[in-house]
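Visitor: I am new to this structure. Please take me through one part of it closely, step by step.

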Amino acid sequence: MVQTRPPAAPARRHSVPARIRVITGVTVASLALLFAALAVGSASAGDGLRVIGRDAGPQVVATAGLYLGLSDMDAQVADALLMGREYGQQRQAALARYEQRRSEANQALMKAFELSGDNPAERQTVQSVLDGLGRYERLAGQALLLDTRAGHAAGPPPDEVVEIYRQATDLMRRVLLPQAYNLTLENGTIVRETYDDKNVTVPAVRAAVVVAGLLALGCLIWLQVFLTRRFRRVFGPALLVATLVTAIALVTGMNVLGQNTGDLRTAKSQGFDSILTVARARAISNSMQGDQSRFLLDKVRADTYEHTYLDKAQTVFYLPAGNLDTYHAAVRSGSEGYLGLMGAQLGGADGRRALEAYTAFQAADTKFRELAVSGRNSEAVAARLGPVREAFDAYDKTLLAIAERHQTVFERAVGSGESALDNLWRLLPFAIGGIGLLVLAGVWPRLKEYR
């Protein structure tokens, strides 16, 4: 009798280990894809936080102080020339502050040079500011020396002093200050480009993490179902734990990347951008109060300095007004709906205090100009160096308080993002090793049954 073909069971039996290996391999590959996506997303978010929070961001904020330092240098020279021999002690204080601001400007230029990297245009701008600053210092030094020799009373110095100071202040206002502002804009491009890139990349990688995580969970469930049906046993505890750990890693990774997206947005929009805005407002305000001294110092250009004062005032706190008197009246009336740089910064207690201090400063300016127009020069000088200066200092302190509040928001957002990433980086090695061992522990006993 002819023997029939052997049953197909053994062939099927030998195919089971191969199928286990294939499913396990696909599962491991999906897990590797998940952890690779988490690593890429974490690295990208960390790079964004480093550039914005620790590297270029703080340096750009520091270079923003260049505008303030330069404008205050010119304001201090104008004050010193206006004081004459009657304010010897205050004149020395103004010159000391001039030297301090010059040192701060040099430090800001060094940071700007570091930020420029290999960009020839930015390096040329920094070099141009350095060259212009040297020319300004020579002109300011000549004016101060001639002013000291003249020994005039408080008020406008001799014409030769005014003429040299005109050259210095023209160089500052028409060349150096615009270049300083351009430097801040150019350096800020690094932060903006980094933020724009990470604002797209991190959410995209987060979506990839979700897809890879769901794929990994699906593969783990597939592996467990196959083993359960093939061996007619309940789900293996090792694979169940591996699935749970994978789900935890997925949820944690999603949350961390989502938090980092929010922290980056907060650090950029509510921190960095606002800090730069307030820094620019402080610098323009400082230049604006310098125009008060220049208004008294140079009678020929008094009208010009009055107009530039109005332009700067409307840049910081905009209200529609065709002349300074109208603007003063609008500020006195307590008008709402300010625009300009500080328009969006007036919320909260700090914003209200800033507006109140600014209103007081404009009230002091009104009285100061009334004295000057009436020809009471000595009283106008005393008002400029006394009540007006005090009102401006009080106003400047409120701007500084707003800047510090945004700085706190900035540092908190960066710190929060970095802390979350640190926790994720500490979790990943344990998750990878743990899941790998658990998958091996769940599959290896089944494969041994076929040996």
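Guide: Tyr358 and Tyr395 are both buried. This is a predicted model. The two rings have their centres 5.3 Å apart. Their planes stand at 55°. An angle from 30 to 60 degrees falls between stacked and edge-to-face, so the pair of Tyr358 and Tyr395 is tilted. The pair links distant parts of the chain. Tyr358 is in helix α9, residues 348–373. Tyr395 is in helix α10. In sequence they are 37 residues apart.

Tyr395 has another ring partner, Phe392. Here the ring centres are 6.0 Å apart and the planes are at 65°. The cut-off for edge-to-face is over 60 degrees, so the pair of Phe392 and Tyr395 is edge-to-face. Phe392 is buried, like Tyr395. Both residues are in helix α10. They are 3 residues apart, which means a separation of about one helical turn.

Now widen the view. Phe317, Tyr338, Tyr358, Phe361, Phe392 and Tyr395 form one aromatic cluster. The count of aromatic pairs comes to 8.

Phe317 leads on to the nonpolar core. The largest core has 81 residues. Leu70, Tyr136, Phe317 and Tyr327 have the most contacts inside it. A second, separate core has 51 residues. Val51, Ile52, Ala279 and Ala413 are included in that second core.

Take Tyr327 next. Beyond four places in sequence, Tyr327 touches Phe317 and Tyr358, among others. Its other partners include Leu310, Ala313, Gln314 and Leu319. Ala321 and Gln362 are also among them. Tyr327 therefore touches two members of the aromatic cluster, Phe317 and Tyr358.

Helix α10 holds another residue to look at, His406. Its relative accessible area is 9%. Buried means under 20%, so His406 is buried. Leaving aside neighbours within four places, His406 is in contact with Gln270, Gly271, Ser274, Ile275, Val278 and Gln345.

Helix α10 also has a part in the largest pocket. Residues 377–448 make up α10. It supplies at least two residues of the lining, as do α2 (56–83), α3 (88–116) and α6 (237–297). The largest share, 7 residues, comes from α2. The pocket has a volume of about 450 Å³. Its lining has 21 residues. Val61, Ala62, Gly65, Leu68 and Arg282 are the closest to the centre. By class, the lining has 12 nonpolar, 4 polar and 5 charged residues.

Terms used:
Residues numbered from 1 in each chain as written. Predicted model: local features only at pLDDT ≥ 70, side-chain atom pairs only at ≥ 80, totals over all residues. Heavy atoms only, no water. 1 Å grid on protein atoms, 1.4 Å probe; cavity = no way out; pocket = protein on both sides within 12 Å on 5 of 7 lines; lining within 4 Å. Points joined across faces, edges and corners; volume = space filled by probe spheres on them. Helix = DSSP H or I, 4+ residues; strand = E, 2+ residues; numbered from the N terminus. Nonpolar A, V, L, I, M, F, W, Y, C, P; charged D, E, K, R; others polar. Core = buried A, V, L, I, M, F, W, Y, C linked by side-chain atoms within 4.5 Å. Buried < 20%, exposed > 50% of the residue type's maximum accessible area, 1.4 Å probe, protein only. Contact = heavy atoms within 4.5 Å. Phe/Tyr/Trp six-rings, centres within 6.5 Å; stacked < 30°, edge-to-face > 60°.
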